[in-house]
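User: Please take me through this structure by asking of each label why it applies. I should like every value set against its definition.

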Amino acid sequence: EGLVVSADDVSVRNLKITDATSDGSQGQILNIDDGPSGVTIDGVTFDGAGEFHGGSVIGTDEPVGDNLAITNCEVQKGALGFNGSSDASAEITNNFIDAASGDGIFVTGASDLTIENNEATDVPSSNVGIRVTNSNATVNGATTTKDTLETLLAENGIDTAAVSGSVGTK
């Protein structure tokens, strides 16, 4: 575990984290802990330099509160993911994920999501570019599984997406 954010209304901006390492069991290089609200992660670059062995470079151990923003980040050899509280909103926009060790972006819990203009490349064939596990979530205004899959594929640079077990491809 590297950086930990556990207070409300915290911003982490314009950092470059290189040679990040993880054994994949805890996985997070930046951990959002204790359910804070109003957290912004913007313009952060994570370069695993071949040492990041699974997990999510940005992740959570407990559900995150409302108003999470992960924007303009670049990830090499990792994923972006979080567990949101059931009434949380989150914006995940303009991120680039390369050589993901699993799903490029994954979200559990949160109910009101904006997931747009993200790109996930080199995602393993057994995974997807974006995975949303809450079947009751509103994603980019879409409320049905079919519409959510369509908006995720149309609004992001990915080839595959999954929503509550249903998979869509371009």
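**Salt bridges and their surroundings**

User: What makes the pair Arg131 and Asp103 a salt bridge?

Analyst: The side chains of Arg131 and Asp103 meet with N and O 2.6 Å apart. A salt bridge requires a side-chain nitrogen of Lys or Arg within 4 Å of a carboxyl oxygen of Asp or Glu, so the pair qualifies. The model is a predicted one, in which local features need pLDDT of at least 70 and side-chain atom pairs pLDDT 80 or more, while totals for chains, interfaces and linings use all residues. Residues are numbered from 1 along each chain as its sequence is written, and side-chain values use heavy atoms, without hydrogens and water.

User: Why can this bridge be said to tie together separate parts of the chain?

Analyst: Arg131 belongs to strand 16 (residues 130-132), whereas Asp103 sits in the loop between strand 12 (96-98) and strand 13 (105-108), so the partners are 28 residues apart in sequence. Strands here are DSSP runs of E with at least two residues, and helices are runs of H or I with at least four, numbered from the N terminus.

User: Why is Asp103 classed as it is, buried or exposed, and where does Arg131 fall?

Analyst: Buried means under 20% relative accessible area, exposed over 50%, and partly exposed in between (1.4 Å probe, protein chains only). Asp103 has 10% and is therefore buried, whereas Arg131, with 24%, is partly exposed.

User: How many salt bridges does the structure hold, and how do you know that Asp42 and Arg13 form one of them?

Analyst: The structure holds three. The N to O separation for Asp42 and Arg13 is 3.2 Å, which satisfies the limit because it is within 4 Å. Asp42 in strand 5 (residues 40-42) and Arg13 in strand 2 (residues 11-13) are 29 residues apart, so the pair links distant parts of the chain. Asp42 is buried because its relative accessible area is 14%, and Arg13, at 45%, counts as partly exposed.

User: What makes the bridge between Lys146 and Glu150 a link within one helix?

Analyst: Both residues lie in helix 1 (residues 145-155), four residues apart, about one turn of the helix. Their closest N and O atoms are 3.0 Å apart. Lys146 is exposed because its relative accessible area is 56%, while Glu150, at 42%, is partly exposed.

User: What makes the enclosed space a cavity, and how much space lies in the largest one?

Analyst: Rolling a probe the size of a water molecule over the atoms shows where empty space is left. A cavity is a set of points, on a 1 Å grid over the protein atoms alone, where a 1.4 Å probe fits but cannot get out. The structure holds one cavity of 30 Å³ or more, and the largest contains about 30 Å³ of space.

User: Which residues line the largest cavity, and of what class are they?

Analyst: Lining residues have an atom within 4 Å of a point; among them are Val132, Ala137, Thr145, Thr148 and Val163. The lining has four nonpolar, six polar and no charged residues.

User: Why is Val163 called buried or exposed, and which residues does it touch?

Analyst: Val163 has 3% relative accessibility and therefore counts as buried. Val163 lies in strand 18 (residues 160-163). A contact means heavy atoms within 4.5 Å; not counting residues up to four places away in sequence, Val163 touches Val132, Thr145, Thr148, Leu149 and Leu152.

Methods
On a 1 Å grid over the protein atoms alone, a cavity is a set of points where a 1.4 Å probe fits but cannot get out, and a pocket is an open set with protein on both sides within 12 Å along at least five of seven lines; lining residues have an atom within 4 Å of a point. Grid points are joined across faces, edges and corners, and a volume is the space filled by probe spheres set on the points. Ala, Val, Leu, Ile, Met, Phe, Trp, Tyr, Cys and Pro count as nonpolar, Asp, Glu, Lys and Arg as charged, and the others, Gly among them, as polar.
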